[in-house]
Amino acid sequence: MVGETEHGFMFMAKIIVLIGAPGAGKGTQARLLESNLGIPHISTGDMLRDIQTTDTKLKREIKAILASGELVSDNTIFRMVKERTSREDCQGNYILDGFPRTPIQAKMLEELSKEQSKEISAILLDVPSENLEKRLTGRRICPICGEIYNIYYKAPKFERYCDMHPHAELSHRSDDAEEKVKVRLEKFKETTKSVLAYYERSGRLQRVKGVGTPNKIYERLERLVAANNVTA
Ligand code: AMP
């Protein structure tokens, strides 16, 4: 799949790999990119949390892994990503949030990008580790619209309820509990370091400073995405 710039240059569609530690704000930023630029946002974490299957054993297994903060197997997650990105809305550019998380997944994505004739462009949302813990333990989510709040930084107008859906009690992800957060941050450091190095070595890694208000961070991110010729 190719596109054309205003000067008539052809370019390949992009897979934007948004990388960031848990709590770096990937979800918030990817949602903004999706709503402002119309680029589909594929979050493997959301897909796992929303999984609809009649196989209750599989459902239980996934739930247990999610609650523990450990990782789902590379093959399972790749099958899900491949299936999701083969749909009509991903024919052009799309954003991956939460994948790849391991070197094996990065290799799998390399093959998939060739099959889909797309280029990979990785963006790191860079947030100092001392900011991450509060962002995670304070996070609350509207079960209806998915709006993300934070009791420390972005509290809802009425405690525990979504501003847009006043009857919807905000949920607290089980893996945002303090002890799980520690496991997830450790896991991120352990596994994602090599994924970052991989994209850095091949000259496909760009960085966005992930501190400041969500809008400020978004401005930086959108500038970078536009410079890469990525539009819906
Ligand atoms: P996230 O919403 O991205 O923080 O993901 C929540 C949880 O989903 C993680 O802690 C993992 O258990 C699982 N998960 C999401 N993406 C992946 C992936 N690429 N590989 C393995 N497990 C994943």
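The second largest pocket in this predicted model has a volume of about 370 Å³. Of the 16 residues that line this pocket, Ala21, Val127, Leu132, Phe188 and Lys189 are the closest to its centre. Which element gives the most to the lining of the second largest pocket? That is helix H7, with 7 residues. Strand S6 (119-126), H6 and H7 each supply at least two residues of the lining. By character, the lining of the second largest pocket divides into 8 nonpolar, 2 polar and 6 charged residues.

Helix H6 deserves a visit of its own. This helix spans residues 129-137, and its buried residues are Leu132, Arg135, Leu136 and Thr137. Leu132 thus appears twice in our tour: Leu132 is buried in H6, and Leu132 is also among the residues closest to the centre of the second largest pocket. What do the buried residues of H6 pack against? Their partners are strand S7 (139-141), strand S8 (148-150) and helix H7 (178-201). H7 therefore takes part in two of the scenes so far, as a packing partner of H6 and as a supplier of the pocket lining. For anyone following along a helix, here is a handy rule: an α-helix has 3.6 residues a turn, so residues three or four places apart point the same way.

Next come the charged pairs. How many salt bridges does the structure hold? There are 22, and three of them are set out below.

| Salt bridge | N to O distance | Relative accessibility |
|---|---|---|
| Asp89 and Arg84 | 2.7 Å | Asp89 38%, Arg84 16% |
| Glu110 and Arg204 | 3.0 Å | Glu110 14%, Arg204 21% |
| Glu200 and Arg207 | 2.9 Å | Glu200 44%, Arg207 45% |

Asp89 is partly exposed, while its partner Arg84 counts as buried. In the pair of Glu110 and Arg204, Glu110 lies in helix H5 (residues 103-115) and Arg204 in the loop between H7 and strand S9 (205-209), so the pair ties together parts that are 94 residues apart in sequence. Here Glu110 counts as buried and Arg204 as partly exposed. Glu200 and Arg207 meet through their side chains; Glu200 is partly exposed, and Arg207 counts as partly exposed too. Elsewhere, salt bridges that share partners join Arg139, Arg173, Asp175, Asp176 and Arg184 into one network.

Two loop residues round off the tour. Asn93 sits in the loop between helix H4 (74-85) and strand S5 (94-97). Is Asn93 buried or exposed? With a relative accessibility of 10%, Asn93 counts as buried, because buried means under 20%. Its side chain reaches the backbone nitrogen of Lys14 at 2.6 Å.

Glu147 has its place in the loop between S7 and S8, and S7 and S8 are the two strands that the buried residues of H6 pack against. Glu147 is partly exposed, with a relative accessible area of 22%. Which residues is Glu147 in contact with, leaving aside its neighbours within four places in sequence? They are Arg31, Arg140, Ile141, Cys142, Lys154 and Met164. With Lys154, Glu147 shares a polar contact of 2.7 Å between side chains. Glu130 makes for another reference point: the C-alpha atoms of Glu147 and Glu130 are separated by 24 Å, and these residues are 17 residues apart along the chain.

Technical notes: Residues are numbered from 1 along each chain as its sequence is written. This is a predicted model: local features need pLDDT of at least 70, side-chain atom pairs count only at pLDDT 80 or more; totals for chains, interfaces and linings use all residues. Side-chain values use heavy atoms; hydrogens and water are left out. Buried means under 20% relative accessible area, exposed over 50%, partly exposed in between (1.4 Å probe, protein chains only). Helices (H or I, at least four residues) and strands (E, at least two) are DSSP runs, numbered from the N terminus. Contact means heavy atoms within 4.5 Å. A salt bridge is a side-chain nitrogen of Lys or Arg within 4 Å of a carboxyl oxygen of Asp or Glu. On a 1 Å grid over the protein atoms alone, a cavity is a set of points where a 1.4 Å probe fits but cannot get out, and a pocket is an open set with protein on both sides within 12 Å along at least five of seven lines; lining residues have an atom within 4 Å of a point. Grid points are joined across faces, edges and corners, and a volume is the space filled by probe spheres set on the points. Ala, Val, Leu, Ile, Met, Phe, Trp, Tyr, Cys and Pro count as nonpolar, Asp, Glu, Lys and Arg as charged, and the others, Gly among them, as polar. A polar contact is a pair of N or O atoms within 3.5 Å; within protein, one must be able to donate a hydrogen and the other to accept it, and residues adjacent in sequence count only if both atoms are side-chain atoms.
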